[in-house]
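Please examine the sequence and the structure shown below before reading the report.

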Amino acid sequence: MTVGALVAKAREGDAAGLRELLDDPKVELAERTFDINGLDASGKSALHLAACASVECVQILLAQPDINVDVLDKDGSSPIFAAVAASNLSPDARLAIVKRLVRSGANLRAMNSEGNRPIDCAADAAIRAILSEPMTTHPVAPKRKSSQLIELEAELPQEAEALRALCIELIVSQSVFQARCKESIRQLIEEKHVALHKNRLLEQAAGIQDKETSERFIDQLHHLQDQNEKQANTIAYLETSIQLFEYAAAQQDEYYRKNMADLTKQHNQQLQAIFRRNEETEKAFLAYQKAHSEDLAELARLRDEVGDVDGDRVGTPKGTPAAIEYALQAEIQNLRRENANLVAEKMAADDRLELNEKLKAIGDAENVTLRDDMGKLRKLMQEEVMKQLQSAREEKDEMDESTGNIIFNRGEGGQKKLKGGAPDKLLERLIDPAVHDHHYQQTILLTHTMFMETPVLLKKVIAKYKEAASGKTTDVKAQYPPLLRILNMLKFWIEHHWADFADDPGLKATLGAFIEEHLADGPVGSSLRIAFEEKAATEAPSYDATLLNAPKPILPRMLAKRYSTDASAGQGSRSTLLMSMGMNIGIPSDRPSGWTPFGGKGKLVEGSAEEMPLKFPDFEPLEMARQLTLIEFDLFRAIRSREYLDLAWMKESKERDAPNILRMTRWSNHVVHWIVTEIVSARDHKSRAVILERVIMLGHALEKLRNFNGVKEVVAALQTASVYRLKKTKEAMGNKYMRIYEELVRLVSSELNYKNMRAKVRAADPPLIPFPGLFQGDLVFLDTCQKNRLEGGLINYHKLESIARSLMELEAYQQVPYPLEPVPEIQDYVRNSQLMDDDQAYNASLLCEPKA
């Protein structure tokens with residue numbers, strides 16, 4: 001049964017039919033599928049129509065427990081107004097109906113839309129007497145005016161015309177507000193039905209058919225959660241063991257590398273000596289060869305002379321002395337002996353070289369044997385170091401746990417995982433050389449402000465260093481594990497969380513003074529000193545060479561013509577052109593340039609896009625997405641991790657503690673209002689459909705650029721009441737764009753805690769811009785479900801670890817910038833666009849597509 005059937009019976013005065021509908025024994029009150037106080041198409045309820053039709057119908061309706069005797073029709077009048085003005089009834093019937101309504105508690109002082117009360121509309125004297133009696137019997141006591149009411153009366157205009165104009169404006173605003181509320185309620189009802197339908201489908205898919213099955217599934221889920229927690233504890237224990245092994249292995253590896261370097265150096269020196277001797281031998285052999293060649297040449301010359309002498313002796317008499325020939329023969333013998341000596345020396349050099357090769361082979365074999373022995377020794381020492389580290393740490397943990405200063409969770413195999421501890425104990429574990437948990441170090445440095453101020457932490461660490469270094473020589477300090485652990489922790493703090501020092505000059509000065517006093521000279525802390533000096537000297541961002549490979553911007557025709565004119569005037573490369581125009585290419589900034597959303601509307605910066613009549617359809621969606629991504633990445637990268645701690649963006653001090661989160665939130669609101677303004681500003685369906693298509697392609701391009709915050713902004717703009725109601729505009733779009741829009745909606749849907757977006761973000765490679773609401777929602781959930789401190793005032797380390805996990809993921813996304821070139825004209829177009837507020841946008845939407 002519907003409200004229409006009930007109202008029809010009341011309009012006809014059919015008391016029997018009305019009683020049959022309302023007194024059905026098969027239908028309980030809670031199971032009714034209609035609202036007895038609902039209005040029909042004419043804007044009247046059943047009680048309104050019964051008051052004009054029949055006394056018996058009024059009596060039947062008033063007997064219902066859920067009837068509202070003061071229900072208002074569309075004109076703002078209650079049923080007693082209808083009864084007083086019912087001219088189709090006899091005076092007695094009219095009087096009887098009024099009496100029943102008065103006895104049922106009808107409000108006699110209520111006013112209709114014309115400002116009249118029921119007594120003002122009554123023409124019958126008997127009815128006026130009945131209506132005036134309760135008002136005189138129970139007069140309304142004058143109420144004391146509040147200070148706010150007095151201030152409001154003082155601000156109201158005294159002139160009737162001004163007051164009338166103000167009332168009209170309020171009525172119009174109220175009607176617009178009501179229309180928007182109805183539209184929002186209708187949208188919420190649709191979403192509720194969709195959610196209920198999906199819930200039913202999920203229950204059917206899971207086999208949940210009744211309450212008992214549901215409870216069984218919940219019990220199974222709790223069991224699986226317990227098992228998951230136990231497995232997590234086991235994994236944590238194994239991770240800790242692996243980290244200890246890795247640390248011990250790193251130390252042994254460093255030791256063996258040093259020994260191997262010394263052996264390699266000695267071996268190289270021996271080889272160099274052998275090579276030098278070989279080179280000297282070769283030089284001597286070459287010298288001997290050269291001398292031998294000269295002797296042979298001299299011998300040949302002498303032989304030629306002897307031949308000449310013999311030729312000359314043909315006609316000479318005997319008795320020429322043979323001394324010359326004898327001398328030559330003696331010289332030849334000498335040369336042969338020298339040649340033999342040279343050959344013997346060469347053979348000796350070859351033997352020495354062969355011996356050197358054999359020595360080298362023996363040395364290589366010895367090195368291989370030494371490596372094997374070193375590997376075995378490393379394994380034995382690693383096992384010994386592990387035993388010592390574990391025993392020392394276990395003794396400390398047992399002592400702290402017995403005194404209530406620390407709490408561990410234990411898994412099935414006895415694995416321990418830190419649950420909570422006193423602040424001093426957490427600091428002790430941070431600088432303990434026996435604890436080599438990189439994740440723990442990262443967690444404490446990220447979240448320490450939740451239980452200890454940063455200057456206090458630094459002062460305590462410095463005090464621990466001074467205490468450990470007291471009375472020790474420089475050589476001892478260089479090898480003392482507690483000191484090395486503190487220095488390594490400070491170096492990690494500087495390299496990975498320099499923002500803590502950059503944003504606090506006092507903290508930076510304290511650390512600098514400590515380094516100057518204790519680590520100015522010598523090998524101790526040299527790496528820490530170098531890291532501090534490099535960070536302090538390079539706070540200004542450096543040029544980002546990745547922009548040299550940036551894609552060429554897709555400019556509108558007017559901008560492209562302007563750029564080409566500038567380029568032809570003498571500018572060189574594209575990057576040089578952009579830099580000459582004042583564009584910050586490749587120089588990322590930790591703080592985006594200042595601007596105030598919604599402030600100074602219509603005031604464009606000098607040299608902005610106001611010089612050229614650019615419009616939204618002029619821009620390519622891909623290039624618009626690139627420029628939005630550059631702006632939003634600068635805003636996202638400027639957010640400090642500490643701004644997420646303790647829900648700082650939700651506190652009264654949010655402007656001081658979380659300024660960059662608020663800036664990004666305001667920018668997102670600015671983009672949403674800008675998109676809505678662009679859509680509803682178009683007056684004809686065709687141009688509005690074109691803009692809507694380009695907005696959808698803008699969201700698609702943002703998805704391709706992995707700017708998930710921008711995708712969320714586009715979908716939020718398209719789902720505002722001002723745009724959501726533009727059904728004719730959506731019908732004018734192509735089916736392709738509607739499919740893309742539905743994909744974007746599914747991507748940013750909040751169903752199952754943003755399951756689709758989380759999967760997309762974690763599967764994507766940087767650079768990317770996540771939707772910060774994902775992580776802010778997780779942090780709100782953690783803050784709601786887990787306390788900062790456990791029993792005994794211990795810090796809840798498990799909560800800190802969960803928070804740090806989210807912050808580390810955000811920091812990882814902030815490290816990789818986009819290789820894109822900024823175009824100031826496009827960015828200024830978005831920043832400085834004239835925006836409509838919600839009321840203006842909704843009114844413009846009504847002008848685009850009036851209500852039916």
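The sections that follow describe the overall make-up, the strands, selected salt bridges and one helix contact.

## Overall make-up

The model described here is predicted. The protein contains 35 helices and three strands. Of its 852 residues, 38% are buried. When contacts between residues at least 6 apart in sequence are considered, 74% of them join residues at least 24 apart.

## The strands

Strand β1 (residues 406-410) and strand β2 (residues 416-421) run antiparallel and are joined by five bridges. Within this pairing, Ile 407 of the protein stands opposite Gly 420 in β2.

Strand β2 also pairs with strand β3 (residues 795-796), again in the antiparallel sense, over two bridges. Here Gly 421 stands opposite Ile 795 in β3. Strand β2 thus has pairings with β1 and with β3.

## Salt bridges between separate elements

Side chains of opposite charge can pair when their charged atoms come close. In this model the count of salt bridges comes to 25. Several of them are described below.

The side chains of Asp 397 and Arg 429 form a salt bridge, with an N to O distance of 2.9 Å. Asp 397 belongs to helix α12 (residues 323-402) and Arg 429 to helix α13 (residues 423-430), and the pair links distant parts of the chain, 32 residues apart. Asp 397 counts as buried because its relative accessibility is 4%, under the 20% cut-off. Arg 429 also counts as buried, because its relative accessibility is 11%.

A further salt bridge involves Lys 417 and Glu 801, whose closest N and O atoms are 3.8 Å apart. Because Lys 417 lies in strand β2 and Glu 801 in helix α33 (residues 797-814), this pair ties together parts that are 384 residues apart in sequence. Lys 417 and Glu 801 are both buried.

## A salt bridge between α31 and α32, and a network

Asp 778 and Arg 758 meet through their side chains in a salt bridge of 2.7 Å, N to O. Asp 778 is in helix α32 (residues 772-785) and Arg 758 is in helix α31 (residues 755-763), so the salt bridge ties together parts that are 20 residues apart in sequence. What is the relative accessibility of Asp 778, and does that make the residue buried or exposed? The value is 19%, and because buried means under 20%, Asp 778 counts as buried. Arg 758 is buried as well, with a relative accessible area of 14%.

Elsewhere, Asp 500, Asp 503, Arg 640 and Arg 642 are joined into one network by salt bridges that share partners.

## The contact of α30 with α31

Helix α31 also packs against helix α30 (residues 735-748), at an angle of about 90° and with the axes 5 Å apart. Because angles of 65 to 115 degrees count as roughly perpendicular, α30 is described as roughly perpendicular to α31.

Which residues make this contact? Helix α30 contributes Arg 746, Leu 747 and Val 748, while α31 contributes Asn 756, Met 757 and Lys 760. By class, the residues of the contact are three nonpolar, one polar and two charged. Helix α31 therefore appears in two of the descriptions above, as the element that holds Arg 758 and as the packing partner of α30.

Notes
Residues numbered from 1 in each chain as written. Predicted model: local features only at pLDDT ≥ 70, side-chain atom pairs only at ≥ 80, totals over all residues. Heavy atoms only, no water. Pairing = 2+ DSSP bridges. Helix = DSSP H or I, 4+ residues; strand = E, 2+ residues; numbered from the N terminus. Salt bridge = Lys/Arg side-chain N within 4 Å of Asp/Glu carboxyl O. Buried < 20%, exposed > 50% of the residue type's maximum accessible area, 1.4 Å probe, protein only. Axes fitted to C-alpha atoms, helices over the stretch in contact; angles between N-to-C directions. Parallel < 35°, antiparallel > 145°, perpendicular 65-115°, else oblique. Contact = heavy atoms within 4.5 Å. Nonpolar A, V, L, I, M, F, W, Y, C, P; charged D, E, K, R; others polar.
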